[in-house]
Amino acid sequence: MSLLASRPAILAALKELSAGEMAVDIETVGTLTQPWLALQPKYATLRCVGVGNAHIGVSVRWPPAPRVKHALAKLLRAESGSKTFHNGRWFDIPILRRYGFDVRDVFDTIDARRALSATSPLSLGYLASVYEASPEPWKEKDVGDAKGTV
């Protein structure tokens, strides 16, 4: 994996991702006095948008350069290539819409899990432990994954 720091490299990576399916995730923050706002889609402040597939991943810090924002918007609204989120319909997508993005062709792992088992835990950590072949921890610490509960 390499670090893409230049704008041309980020734009090229976003263009490469437009060819197929990808995972999308965002990171948010609250305020210094109200950090819990990071978990509220109506009030959370966007910090970065991550998109990737099995071969390439890009994390776009917020706010990006106008050309990068335009390329990211084009990628998210494209009808070709499904965008996989975890709790995207209830958290990520409302925030992305607040920031002017139109997200299309969405697959949400929480919705899929609910369809299979309405009573099982919905956190990403739990789902990874059920569906991922590797027994190695993939997160430093999964403390309830508050964004994974609805």
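A residue counts as buried when its relative accessible area is under 20%, as exposed when that area is over 50%, and as partly exposed in between. The exercises below apply this to a predicted model.

**Exercise 1. Describe the chain as a whole: what is its pattern of helices and strands, and what percentage of its residues count as buried?**

Begin with the elements: the chain has five helices and five strands, and along the sequence they follow the pattern α-β-β-β-α-β-α-β-α-α. Turn next to burial, where 37% of the 150 residues count as buried. The accessible surface of the chain comes to about 9,400 Å², and 57% of that surface belongs to carbon and sulfur atoms. Finally, consider contacts between residues at least 6 apart in sequence, of which 54% join residues at least 24 apart.

**Exercise 2. Determine which elements build the largest nonpolar core, and which residues Leu72 contacts.**

The largest nonpolar core has 31 residues, and those with the most contacts inside it are Leu14, Val49, Val51, Val58, Leu72 and Leu96. Two or more residues of this core come from each of helix 1 (7-17), strand 1 (22-29), strand 2 (45-52), strand 3 (57-61), helix 2 (66-77) and helix 3 (88-98). The largest share, six residues, is that of helix 2. For Leu72, once its neighbours within four places in sequence are set aside, the contacts are with Leu14, Val49, Val51, Val60, Trp62 and Phe101. As general background, nonpolar side chains in soluble globular proteins tend to be buried together.

**Exercise 3. Work out how the side chains of strand 1 are arranged, and how strand 1 pairs with strand 2 and strand 4.**

Take the side chains in turn: those of Met22, Val24, Ile26 and Thr28 point to one face of strand 1 and are buried, whereas those of Ala23, Asp25, Glu27 and Val29 point to the other face and are not buried. Then follow the pairing, in which strand 1 and strand 2 run antiparallel and are joined by seven bridges, with Gly52 of strand 2 as the bridge partner of Ala23. With strand 4, strand 1 pairs in the parallel sense over two bridges, and here Lys83 is the bridge partner of Met22.

**Exercise 4. Explain why the buried residues of helix 3 line one face, and state what they pack against.**

First list the buried residues of helix 3, which are Gly88, Phe91, Asp92, Ile93, Ile95 and Leu96. Seen down the helix axis, these buried residues fall within an arc of 160°, and therefore they line one face of helix 3. They pack against strand 1, strand 2, helix 2, strand 4 (83-85) and strand 5 (106-108). Just after helix 3, Gly100 takes a positive phi of about 90°.

**Exercise 5. Identify the aromatic pairs in the structure, and classify their geometry and the burial of their residues.**

A search of the whole structure finds two aromatic pairs. In one of them, the ring centres of Trp62 and Tyr99 are 5.7 Å apart and the planes stand at 85°, so this pair is edge-to-face. Trp62 lies in the loop between strand 3 and helix 2, and Tyr99 in the loop between helix 3 and strand 5, 37 residues apart. At 14% relative accessibility Trp62 counts as buried, whereas Tyr99, at 21%, counts as partly exposed. Trp62 also forms an edge-to-face pair with Phe101, at 5.7 Å centre to centre and with 65° between the planes; these two residues are 39 residues apart. Phe101 counts as buried at 3% relative accessibility. The ring pairs thus link Trp62, Tyr99 and Phe101 into a cluster.

Methods. Residues numbered from 1 in each chain as written. Predicted model: local features only at pLDDT ≥ 70, side-chain atom pairs only at ≥ 80, totals over all residues. Heavy atoms only, no water. Core = buried A, V, L, I, M, F, W, Y, C linked by side-chain atoms within 4.5 Å. Buried < 20%, exposed > 50% of the residue type's maximum accessible area, 1.4 Å probe, protein only. Helix = DSSP H or I, 4+ residues; strand = E, 2+ residues; numbered from the N terminus. Contact = heavy atoms within 4.5 Å. Arc of directions from axis to C-beta. Phe/Tyr/Trp six-rings, centres within 6.5 Å; stacked < 30°, edge-to-face > 60°. Pairing = 2+ DSSP bridges. Areas by Shrake-Rupley, 256 points an atom, 1.4 Å probe, with all protein chains shown as cover.
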